[in-house]
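Got a few minutes to look around a protein model? Here's a quick briefing to read with the structure open beside you.

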Amino acid sequence: MTEIRNRTLATWVKDMAALCTPDSVHVCDGSQQEYDSMTQLMVDAGTFIRLNDALRPNSFFCRSDPADVARVEEFTFICSKKQAEAGPTNNWRDPDEMRQHLNGLFRGCMCGRTLFVIPYSMGPIGSHISKIGIEITDSPYVVCNMHIMTRVGTAVLDVLGDSSDFVKCLHSVGMPLEPSQADVPWPCNANNKYITHFPETREIISFGSGYGGNALLGKKCFSLRIASVLARDEGWLAEHMLILKMTSPKSEVHYVAAAFPSACGKTNLAMMNPTVPGWKIECIGDDIAWMKFGKDGRLYAINPEAGFFGVAPGTSMQSNPNALLTLGANSIFTNCALTPDGDIWWEGMTDEPPCSLVDWLRRPWTPACGRKAAHPNARFTTPARQCPVIAPEWQDPKGVPISAMLFGGRRGGVVPLATEALSWQHGVFLGSIMASEKTAAAAGKVGELRRDPFAMLPFCGYHMGDYFAHWLRIGAGADAAKLPKIYYVNWFRRSPEGKFLWPGFGDNSRVLKWVFERCAGKAEAVETPIGRLPTAKALDLTGLKLPEQNVRTLLDVDTQGWLAELPSIREHYDSFGARLPAALKTELETLERRLKAAVKG
Ligand code: TSX
Ligand code: MN
């Protein structure tokens, strides 16, 4: 077994083993053999079902406890010394009190289980933008998923050497076993979930849940909540953004990063097939971007992840063929449905559902039964390297230079198809007021407007007002000509009858083409009170047959609509109190002035 020579790590592992009292300790080497033995272990335990090898080689189906199906924001805590540091968007607990409480929960919590030590790198091993985490967990499901989602193993320990520069991530499903107690397929502690972050000491402690973002601690917990604090302190950006590469027919290249709230199709955009002839789009990442300034003054991004942990329902050959092609082998499917021939299915995967299935709750299912076969938050875990449109440089340790950043949301009205920010500061303003209308999937009234600044509301590890200030500082300290241009986009504008005005999906490449040509200084735009909009001529709509009225609405500046929205933006801003940067208040006032001047004409 892999040996731990790092003294800080060895001491921590010894201490945690003494606290959690597992039956054994396994240090992960990251090998294929380790992955295979771990999946077999779970097949034997009844946690995994091996899928039909002829249809989906080396892939597994898994159902969670119905009480453990999603991230639990109400039990997610930022444990900074001062409550004010966590800000109004986070749950806060005193770090000493939380540690004491967690100590009680972790005492003996791994009885009857193996303690796994997972050394992992977020980002290509050895990249100057990458960071190392060590996750201690009692969940083999977590080990398998971390194998896909991060770079795991001995090579990480080699890079770490004797440094103590790693994020300690402690995780337990919180269900110790008595000597003769049989395990369950999905152990968890449904009534005792704690997802806790200690930004000052760069630690993560998670108890009670085995699911996704609660348990795969490299993702939301490290790469966003803890990394956002590191980024603030070290002068870089840790963002909830996809990264894509766009290549023109003349082989010119621009890289774009984009932030969207949930249910806007971020993964679909990250790997879409463009409809504009001759243009190519390739994927660098679908969820997280870490960005640092290079020596040339440009902002370089890496995808810290190595896989996709995507929402399965709605993923089809129509909405995202490249995701489905990625999923052809070596993948884990959680809370999907099982077909009679040993494959998986979910709502929206095919036009016609199969005649019979076993659903995510282990019950027989038919199309007529009136229930969903897959949980709406069912997930696939799949290696990024298998994506047919993964960019060859997706693991380049230098990262890729970002030319443009997109912000967006799901808006039936008011917000045009695309708007270019007038400046970095105006772009930060647009990011800070990002909003999306609720879909049926989440709690709250359908159609209700929810602000989700930079799509970071659940993921910023410190005060959101300070986060806005950090974004402004990044811009102020940079060469403005080398900063990415910022855009606000909306694929979801509707007609008064409720029909989508924009075809979306691959046709979003038409908007990206305009963005690309703006970056190249070639495309036209008109300055309006809300920013620079494409002219109808500047948007390549050839072959679309889009009614002229649609184009007019999509590119219309709804002055009255924007004016009507100002009170809601003001209320949003008031929630950040004195830590809201004055520059953003100024942007809001300037916007109001420009809108009112437009009304007077
Ligand atoms: O992912 C989406 N994107 C981004 C794709 C690159 N979706 C799926 C919903 C989010 C999970 C979209 N839905 C997009 C979109 O751009 N646009 C829409 C709205 C829409 C839905 C269906 C149609 C058109 C627009 N259908 C037809 O026009 C036939
Ligand atoms: Mn995400």
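What follows is a short tour of two ligand sites and two buried residues.

Keep in mind that you're looking at a predicted model. The tour starts with ligand 1, moves on to the manganese ion (ligand 2), and ends with Arg 113 and Ser 172.

**Around ligand 1**

- Ligand 1 has 14 residues around it, and the ones that come nearest are Gly 265, Asn 268, Gly 504, Phe 505 and Asn 508.
- Two asparagines use their side chains here: an N or O atom of Asn 268 sits 2.8 Å from an oxygen atom of ligand 1, and one of Asn 508 sits 2.9 Å from an oxygen atom of the ligand.
- Phe 505 joins in through its backbone instead, with an N or O atom 3.0 Å from a ligand 1 oxygen.
- On its own, ligand 1 would expose 630 Å², and the protein buries 66% of that.
- Sort the shell residues by character and you get nine nonpolar, four polar and one charged.

**The manganese ion**

- Three residues coordinate the manganese ion (ligand 2) at 2.2 Å: Lys 220 through NZ, His 240 through NE2 and Asp 287 through OD.
- Along the sequence, these donors follow the spacing K-x19-H-x46-D.
- Lys 220 belongs to helix α8 (residues 218-234), while His 240 is in the loop between β12 (237-239) and β13 (242-247), so this pair ties together parts that are 20 residues apart in sequence.
- Are these two buried or exposed? Lys 220 is buried because its relative accessibility is 7%, under the 20% cut-off, and His 240 is buried too, at 9%.

**Arg 113**

- You'll find Arg 113 in the loop between α4 (95-106) and β6 (114-122).
- Arg 113 counts as buried, since its relative accessible area is just 7%, which is under 20%.
- Its side chain reaches the backbone oxygen of Met 175 at 2.8 Å.
- Beyond its sequence neighbours up to four places away, Arg 113 touches residues including Pro 22, Asp 23, Asp 138, Leu 177 and Pro 187.

**Ser 172**

- Ser 172 is part of strand β9 (residues 167-172), and it is buried with a relative accessible area of 0%.
- Ser 172 and Gly 208 are 36 residues apart along the chain, yet their C-alpha atoms are separated by 6.3 Å.
- Setting aside neighbours within four places in sequence, Ser 172 is in contact with Phe 106, Cys 109, Ser 206 and Phe 207, among others.
- A polar atom of the Ser 172 side chain lies 2.9 Å from the backbone nitrogen of Gly 174.

Technical notes:
Residues numbered from 1 in each chain as written. Chains lettered and ligands numbered in written order. Predicted model: local features only at pLDDT ≥ 70, side-chain atom pairs only at ≥ 80, totals over all residues. Heavy atoms only, no water. Near = heavy atom within 4 Å. Polar contact = N/O pair within 3.5 Å; in protein donor to acceptor, adjacent residues only side chain to side chain. Areas by Shrake-Rupley, 256 points an atom, 1.4 Å probe, with all protein chains shown as cover. Nonpolar A, V, L, I, M, F, W, Y, C, P; charged D, E, K, R; others polar. Donors = N, O, S within 2.8 Å, 3.2 Å for Na, K, Ca; no water. Helix = DSSP H or I, 4+ residues; strand = E, 2+ residues; numbered from the N terminus. Buried < 20%, exposed > 50% of the residue type's maximum accessible area, 1.4 Å probe, protein only. Contact = heavy atoms within 4.5 Å.
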